[in-house]
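Colleague: Please take me through the ligand site, one step at a time. Then tell me about any unusual backbone geometry in the model.

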Amino acid sequence: MTVTLPSGITEETTNGLLAYRIETPAARGLVYVQGAHVAGWAPGGADDVLWLSEKTFLEPGKPIRGGVPICFPWFGPGRSGDQQPAHGFARVATWRLVDARVDDDVATLELELTGADVEKADDFPQDFLARYRVRMGRELELALAVTAGEQPLDFEEALHSYLSVGDIRQVRVVGLDGAGYLDKLDGERKVQHGDVEFTSETDRVYRCSGTTEVVDQAGGRRVLVTKQHSDDTVVWNPWVDKSRAMPDFGDDEWTGMCCVETANALGDAVSLAPGETHVMVAKLSVG
Ligand code: TA6
């Protein structure tokens, strides 16, 4: 299927990875076909809202470090704890562009993935359909629609947004006060008191279906993360040691990023009857 690209959307290839570059008066951005991976978004004349590691892999089959990876059909190692690849096959699979348009300076790309596009994952039903709509303007709206085929479908999902911040040590995440969470560092279940602040490695899955706001004092920016049909918000910063342990993450880059992820994970996995569709939506806006 050949999609005609409208003015404002161009195609480019980097290291064998096909991508669509968006340049309109409302936004600049980049979306790789591998993983339907939004790697950059800058509203209007502003700086990029999404963080991308200077060390990221940009090679077929390797996940891109930064932007908004799509985690599907499992999160992390999955509920069994041994699923590979980490965060599911969708983020390293080759999606298919099915629509591209620009309306009032807002660029919309729609990409699809089916079981036929993925080598693999043993027991995951092949006849699912995942459709991802990226709407890039002064806001970034991401909608992941999953439709079950003839078999029931049970999956986790996350839009694993890496936000660019001035200094994580001066960031507050507002909106999680009172929310229960799984602290993945010690496996304990805890309750958030007040805003989330960062003083060490932070890796938490909050039970939260509402809006959060990332207050980036050093960067002088607030990023609002609103969502639909997502029961979990994941907050992550690797801090020093973990950053140094990742080959695709600069040793000192940890101060400049904060993940606030829109998810349905762990006990909030989605179960679909045959033919049923679930749509998870995340919207980023800058204040
Ligand atoms: O969302 C947080 C997390 O699950 C962390 O535990 C860390 O593993 C991060 O995702 C990045 O995962 P990746 O597989 O991209 O290195």
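Modeller: Start with arginine 65. One of its polar side-chain atoms lies 2.9 Å from an oxygen atom of the ligand. This is a predicted model, so read each distance as a computed value. Histidine 87 makes a similar approach: an N or O atom of its side chain is 3.0 Å from a ligand oxygen. Lysine 184 also reaches the ligand, with a side-chain N or O atom 3.0 Å from an oxygen atom. A polar contact here is a pair of N or O atoms within 3.5 Å, so the pairs made by arginine 65, histidine 87 and lysine 184 qualify.

Next, the cover. On its own, the ligand exposes 390 Å². The protein buries 83% of that area.

Now the shell. The residues around the ligand are Arg65, Phe75, Ala86, His87, Arg91, His160, Lys184, Asp203, Val234, Trp236 and Glu261. By class, this shell holds five charged residues, four nonpolar and two polar.

Then the space itself. Rolling a probe the size of a water molecule over the atoms shows where empty space is left. The ligand takes up the largest pocket. That pocket holds about 440 Å³ of space. Its lining counts 23 residues. Nearest the centre of the pocket lie Arg65, Ala86, His87, Arg91 and Trp236. Each of these five also appears among the residues around the ligand. The lining of the pocket divides into 11 nonpolar, seven charged and five polar residues.

Last, the backbone. Most residues other than glycine have a negative phi, and most peptide bonds are trans. Here are the exceptions to look at. Phenylalanine 72 and proline 73 are joined by a cis peptide bond, with omega about 5°. Proline 73 sits in the loop between strand E5 (70-71) and strand E6 (96-103). Glutamine 84 and proline 85 are also joined by a cis peptide bond, and omega there is about -5°. Proline 85 is likewise in the loop between E5 and E6. Just after it in the numbering come Ala86 and His87, both in the shell around the ligand. Aspartate 105 is a case of phi rather than omega. Its phi is near 70°, a positive value in a residue other than glycine. Aspartate 105 lies in the loop between E6 and strand E7 (106-114).

Technical notes: Residues numbered from 1 in each chain as written. Predicted model: local features only at pLDDT ≥ 70, side-chain atom pairs only at ≥ 80, totals over all residues. Heavy atoms only, no water. Near = heavy atom within 4 Å. Polar contact = N/O pair within 3.5 Å; in protein donor to acceptor, adjacent residues only side chain to side chain. Areas by Shrake-Rupley, 256 points an atom, 1.4 Å probe, with all protein chains shown as cover. 1 Å grid on protein atoms, 1.4 Å probe; cavity = no way out; pocket = protein on both sides within 12 Å on 5 of 7 lines; lining within 4 Å. Sits in = over half its atoms within 2 Å of the grid points. Nonpolar A, V, L, I, M, F, W, Y, C, P; charged D, E, K, R; others polar. Points joined across faces, edges and corners; volume = space filled by probe spheres on them. Helix = DSSP H or I, 4+ residues; strand = E, 2+ residues; numbered from the N terminus.
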